[in-house]
Amino acid sequence: MAEEKRVVKSSLGARITHWSHTICWFILLFSGLLMVTDWFSWLAPVFGGVNGANLLHRIFAIVFAAVPLIGLIYNPRSFINWMKEALTWGKDEIKFMMMFPFDLIGIKVNMPPQDRINAGQKFNSLFFPTIGLFIGLSGVVMWFAESFPLWMVRIAYPIHDLCWILGTMQLMFHMYLGSLHPGSGESFWAMFGDGKVRASWAKHHHTKWYERVYGEEEEE
Amino acid sequence: MPNKGYLVDTSKCIGCRGCVVACKQWNQLPAERTSFKGTYQTVPDLTANNYTIVTFHEYEEDGQIKWYFTKRQCMHCLDPVCLKVCPQKAISKTDTGAVVRDREKCVGCQYCAAACPFHVPRYDKVNDKETKCSLCPERTAEGELPACVKACITGALQYGDRDQLLAIANKRVSELKAEYPNANVYGDKQAGGTNIIYVLADKPEKYGFEEDPKVSIAITAWQDIIQPYFPWLIALTGAVSVFSFFSTRLLGVGKEKAHEGEGIHG
Ligand code: SF4
Ligand code: SF4
């Protein structure tokens, strides 16, 4: 098996953003939790107290916002293409989503052929940037609370909270589906490793994309 | 212990700002430079170094200039929303109902500032803490008057049991009605009632007060619905994932597909 052909699934930009956001999300989550509840006070020393957490939260918030923004300026096409992919929904995508709950609990179903990213990943690709946008904007209002009208500050708090809660909820699924769920191991290494997956795996899980991009090569 | 607070009788206030100075002195708050804005109000707004101010509102009525001035500071709500939203449990009520903050515990998140229906707490950038009037608990515990009340020369400020202050306020308003038909008591029911009671000679808006200040629904939704219930969604998705981890393997889906994804789960 060692010799099997491998094909590129995740671009370098995607991997860098994914990596940095994985790290940022967890640092922001725990430093934020320290501020909003006292359940996590045992974690305080790690961050240098609640005030330390407060400072770290702001530093990593800047990283969190800067990485995709730099990527966007550097290579806007890549982002646009990704969003185009994520917004392309057809019969196969809807079918995938409807059958997904069965697949999730282990009932065998025949999934319709999927593109480079499957319907679930498309949902994910729309979900996280939306969450990121809102959590970022509400965060700016909270950070500079005294420069914004009171009503904005007041709605920023529930928005920020909803975003991290829904984001972490989706993240639980995403982490599981992207790693320990049967059949997703390849994608995991595509994101965290060199961006490549084995050709046979790609053909099985992302048939449409594989045929379109690598299909002809194979015939030669 | 009964709730204690003080009465601000605007009909007796002459706008001398003795209370403002006394407050700054007792709390050892540094002076802040201000600029002349064409109004008698010397301190434009509450700040981290001004726990109380006297506001001046000027109106032209029937060809005459009319002045409405009153003292502003924390109202010491009976059911303070600042206390409710504080994630660090830094805010508490004393046995006489004064709303106080533990400076050590405060992390300067400013949630209390946005939640307060009177928008009282102010952020101290230098120390990264929120500040506001504490009703001088260290003085009242020793039987002393709050600094501002002690300084008031006209008797416009009066410290005492809330019930008694309310009775005095109601009596005063009925006396004032003849000359000031819009006179009213403020603080008896606003924001669920406050320990600071006002006798206003005219409608609250004239003094820059809201007639019926309410806790914003954004704050209520955040505190009563989102924070207590939504985090369970995270636990739920975690549980579903764990369930799936086992069920997919038990039902053999994993085995059949194992050759495709041994990368991580072998
Ligand atoms: S007026 Fe504002 S700061 Fe004062 S007790 Fe009420 S809610 Fe808290
Ligand atoms: S600023 Fe301080 S007192 Fe106000 S809510 Fe935050 S921790 Fe509590």
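Around ligand 2, the shell breaks down into 8 nonpolar, 3 polar and 2 charged residues. That shell holds 13 residues in total, and the closest ones are Cys86(B), Arg101(B), Cys106(B), Cys109(B) and Cys112(B). The model looked at here is a predicted one.

Ligand 1 has its own set of neighbours on chain B. Several cysteines turn up in the list, including Cys74(B), Cys77(B), Cys82(B) and Cys116(B). Prolines are there too, namely Pro80(B), Pro117(B) and Pro121(B). The rest of the shell is made up of Met75(B), His76(B), Val99(B), Phe118(B) and Lys132(B). Sorted by class, the residues around ligand 1 come out as 10 nonpolar, 1 polar and 1 charged.

Next come the empty spaces. Rolling a probe about as big as a water molecule over the atoms reveals where space is left over. The second largest pocket takes up about 670 Å³. Its lining draws on both chains: nearest the centre sit Val36(A), Thr37(A) and Trp39(A), along with Gln227(B) and Pro231(B), out of 26 lining residues. On the chain A side, α1 (12–36) and α7 (150–179) each give two or more residues to this lining, and on the chain B side α2 (81–85), α7 (217–229) and α8 (231–250) do so. Of the residues lining the second largest pocket, 18 are nonpolar, 4 polar and 4 charged.

Two of those chain B helices also meet each other. A pair of packed helices can be described by the distance and the angle between their axes. For α7(B) and α8(B), the axes come within 4 Å and cross at roughly 15 degrees. Since angles under 35 degrees count as roughly parallel, α7(B) is therefore roughly parallel to α8(B). On the α7(B) side, the contact involves Ile226(B), Gln227(B), Pro228(B) and Tyr229(B), while α8(B) brings in Pro231(B), Trp232(B) and Leu233(B). This contact is made of 6 nonpolar residues and 1 polar one, with no charged residues.

Closed-off spaces show up as well: searching the whole structure gives 5 cavities of 30 Å³ or more. The largest cavity has a volume of about 140 Å³. It is lined by 18 residues, and Cys13(B), Cys19(B), Cys152(B), Ala156(B) and Leu157(B) are the closest to its centre. In chain B, β1 (4–9) and α1 (18–26) each put at least two residues into the lining of the largest cavity. By class, that lining splits into 11 nonpolar, 4 polar and 3 charged residues.

Methods:
Residues numbered from 1 in each chain as written. Chains lettered and ligands numbered in written order. Predicted model: local features only at pLDDT ≥ 70, side-chain atom pairs only at ≥ 80, totals over all residues. Heavy atoms only, no water. Near = heavy atom within 4 Å. Nonpolar A, V, L, I, M, F, W, Y, C, P; charged D, E, K, R; others polar. 1 Å grid on protein atoms, 1.4 Å probe; cavity = no way out; pocket = protein on both sides within 12 Å on 5 of 7 lines; lining within 4 Å. Points joined across faces, edges and corners; volume = space filled by probe spheres on them. Axes fitted to C-alpha atoms, helices over the stretch in contact; angles between N-to-C directions. Parallel < 35°, antiparallel > 145°, perpendicular 65-115°, else oblique. Contact = heavy atoms within 4.5 Å.
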